[in-house]
Amino acid sequence: MSLYDELGGFDVLLAVSRRWHQLCLADPEAAHPFEHGLHPQHDERLAAYLAEVCGGPALYTAGYGDESSMQRLHAGNGEPHPSLDAASTRLFTAALNDVGVPAGPAKELSDYFIEATAGMEQYVRSSEAVPPGLPIRLVR
């Protein structure tokens, strides 16, 4: 069974994405990126990305882009922002709990999210630094 299935599928990942968004907006450390022109379907796009990295359908690459395009969306923000990253990853874990995702799959996805967030730091200064054709890294 894939992690996608263990998590509960797309509807659960969409609920997690929406809850995370709500939590971030309410948190002074995490609110900033959510207050400035997010794509109107940010939650759906995040859920599609998470579905794919967890072994579910290739929704993100089929409709939105590849890993490189996702990295470019988050790149070029100037300097590393450890307090924002810590707050957003803490709130992602809280969203998993709030939605009722079982502990084992929740920890796996939370650990992935923390690693993926840290990995984005390499492109923080310029979106032009993101190489083309990056593969989506699966959780398992």
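**Exercise 1. At what angle do α2 and helix α3 (residues 42-53) pack, and how far apart are their axes?**

Before we start, note that this is a predicted model, in which local features need pLDDT of at least 70, side-chain atom pairs count only at pLDDT 80 or more, and totals for chains, interfaces and linings use all residues. Residues are numbered from 1 along each chain as its sequence is written, and side-chain values use heavy atoms, with hydrogens and water left out.

*Step 1.* Helices (H or I, at least four residues) are DSSP runs, numbered from the N terminus. Axes are lines fitted to C-alpha atoms over the stretch in contact, and angles run from 0 to 180 degrees between N-to-C directions.

*Step 2.* For α2 and α3 the angle is about 130°, and the axes are 8 Å apart.

*Step 3.* Angles under 35 degrees count as roughly parallel, over 145 as roughly antiparallel, 65 to 115 as roughly perpendicular and the rest as oblique. The pair α2 and α3 is therefore oblique.

*Step 4.* Their crossing is right-handed (the near helix is turned clockwise from the far one by less than a right angle; anticlockwise would be left-handed).

*Step 5.* Contact means heavy atoms within 4.5 Å. Among the residues of α2 that meet α3 are Phe 10, Leu 13 and Trp 20, and their partners include Leu 46 and Ala 47. The contact residues divide into nine nonpolar, three polar and three charged (Ala, Val, Leu, Ile, Met, Phe, Trp, Tyr, Cys and Pro count as nonpolar, Asp, Glu, Lys and Arg as charged, and the others, Gly among them, as polar).

**Exercise 2. Find how α2 meets α6, and which ring pair joins them.**

*Step 1.* The axes of α2 and α6 come within 8 Å and cross at roughly 130°, so these helices are oblique to each other.

*Step 2.* This crossing is right-handed. Trp 20 of α2 and Phe 92 of α6 are among the residues making the contact, which holds 12 nonpolar residues, one polar and two charged.

*Step 3.* Now look at the rings. The structure has six aromatic pairs (rings of Phe, Tyr and Trp, its six-membered ring, with centres within 6.5 Å; planes under 30 degrees apart are stacked, over 60 edge-to-face and the rest tilted). The rings of Trp 20 and Phe 92 have centres 6.1 Å apart and planes at 80°, so this pair is edge-to-face.

*Step 4.* Trp 20 lies in helix α2 (residues 10-25) and Phe 92 in helix α6, so the pair ties together parts 72 residues apart in sequence.

**Exercise 3. Describe how α6 and α7 pack.**

*Step 1.* Helix α6 (residues 82-99) and helix α7 (residues 103-119) pack at about 160°, with axes 10 Å apart. They are therefore roughly antiparallel.

*Step 2.* The crossing is right-handed. Phe 92 of α6 and Phe 113 of α7 are among the contact residues, which divide into six nonpolar, five polar and one charged.

Notes: Helices (H or I, at least four residues) and strands (E, at least two) are DSSP runs, numbered from the N terminus.
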